[in-house]
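Here's a quick tour of the pockets and helix packing in this protein. Have a look at the sequence and the model first, then read on.

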Amino acid sequence: MNEGSASTRMGEHGIPSVAEDIIVARDILIAEYLDLPVHLAHVSTARSISLIREAKARGVKVTAETCPHYFSLTEEACLSFNGLFRVNPPLRREEDRLAVIEGLKDGTLDCLATDHAPHHKDEKEIEFSLAKNGMIGFETAFALAWTWLVEPGTLTATDLVRILAANPAAFLRISAGSLQPGSPADLTIADPQARYTYDRSKAVSKSKNSPYDGFALQGKIVATITGGRLVYQA
């Protein structure tokens with residue numbers, strides 16, 4: 001839970017955004033001192049993004065990623081006391097959400113990850129403070145990114161491919177994220193015009209702990225091909 005007005009109203013222990021900012025600043029300084037690359041995961045605060053932007057401008061070898069819930073949700077969602085919204089780092093303020101979007105737009109944030117964390121409903125549908133951290137994210141990542149980033153015009157479809165596939169493959173130095181001849185035939189086929197209401201009860205994952213139940217989304221995955229083999233078809 002983010003430390004702020006929402007946590008105060010809920011009577012929940014809050015984690016201040018400065019806790020993340022300090023770690024980001026520390027890791028950037030160490031990377032700069034050693035002249036070595038560092039990758040920062042699950043960036044969620046405006047100040048962290050500012051620190052990363054400044055570090056890149058002065059040549060620090062830093063890359064970073066965020067997750068769909070940090071550009072589509074805020075701490076206000078937690079006021080429902082619904083454990084499905086409990087995640088670490090916690091959902092932040094509206095100004096942080098907007099900073100995440102800007103960071104993706106200007107390239108400060110290089111990748112989009114899901115932080116896919118499946119939990120049994122008995123571990124999530126309990127008191128908020130006792131619920132385990134995390135949510136599933138594989139099945140909604142593309143749709144959330146298309147709905148919140150591409151459809152409003154913040155990113156292009158090419159930008160989305162870059163942060164979901166090409167950049168992660170490049171940073172991990174694996175042969176993926178490309179349609180070049182000889183590359184693994186790992187493909188995702190999507191219908192960007194498809195509009196639907198997400199129903200978490202129909203999730204293909206073994207777990208159903210998604211906070212996006214009932215959300216109106218655009219952009220639907222219709223098929224997934226792995227190693228040239230069709231493994232999923234809507």
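A bit of bookkeeping before the pockets: Ala, Val, Leu, Ile, Met, Phe, Trp, Tyr, Cys and Pro count as nonpolar, Asp, Glu, Lys and Arg as charged, and everything else, Gly included, as polar. Also keep in mind that this is a predicted model.

With those classes in hand, take the second largest pocket. Its lining splits into six nonpolar, two polar and three charged residues. The residues in question are P37, V38, H39, K61, T63, E65, C111, P168, F171, L172 and R173. Two or more lining residues come from each of β1 (38-40), β2 (62-66) and α8. Helix α8 gives the largest share, three residues.

Now for the largest pocket. Its volume is about 1700 Å³, and of the 44 residues that line it, F138, F142, T188, I221 and T224 are the closest to its centre. Which elements supply at least two residues each to this lining? They are α7 (141-150), α8 (157-172), β4 (187-197), β5 (216-226) and β6 (229-233). Here too α8 provides the largest share, this time eight residues.

Here are the two pockets side by side:

| Pocket | Volume | Nonpolar | Polar | Charged |
|---|---|---|---|---|
| Largest | about 1700 Å³ | 31 residues | eight residues | five residues |
| Second largest | about 230 Å³ | six residues | two residues | three residues |

On to the helices. Two packed helices are described by the angle between their axes and the distance between those axes.

Start with α7 and α8, both of which line the largest pocket. They pack at an angle of about 135°, with their axes 11 Å apart. Angles from 65 to 115 degrees count as roughly perpendicular and those over 145 as roughly antiparallel, so α7 ends up oblique to α8. The crossing is right-handed. On the α7 side, F142, A145, W146 and V150 make the contact, and they meet A157, L160 and L164 in α8. That contact has seven nonpolar residues, with no polar and no charged ones. F142 turns up twice in this story: in the contact with α8 and among the residues closest to the centre of the largest pocket.

The other pair is α2 (residues 17-34) and α3 (residues 46-57), packed at about 15° with axes 8 Å apart. That angle makes α2 roughly parallel to α3. This crossing is right-handed as well. V18, E20, D21, V24, A25 and I28 in α2 meet R47, S48, L51, I52 and A55 in α3. By class, that comes to seven nonpolar, one polar and three charged residues.

Note on methods:
Residues numbered from 1 in each chain as written. Predicted model: local features only at pLDDT ≥ 70, side-chain atom pairs only at ≥ 80, totals over all residues. Heavy atoms only, no water. Axes fitted to C-alpha atoms, helices over the stretch in contact; angles between N-to-C directions. Helix = DSSP H or I, 4+ residues; strand = E, 2+ residues; numbered from the N terminus. Parallel < 35°, antiparallel > 145°, perpendicular 65-115°, else oblique. Left-handed = near helix turned anticlockwise from the far one by under 90°. Contact = heavy atoms within 4.5 Å. 1 Å grid on protein atoms, 1.4 Å probe; cavity = no way out; pocket = protein on both sides within 12 Å on 5 of 7 lines; lining within 4 Å. Points joined across faces, edges and corners; volume = space filled by probe spheres on them.
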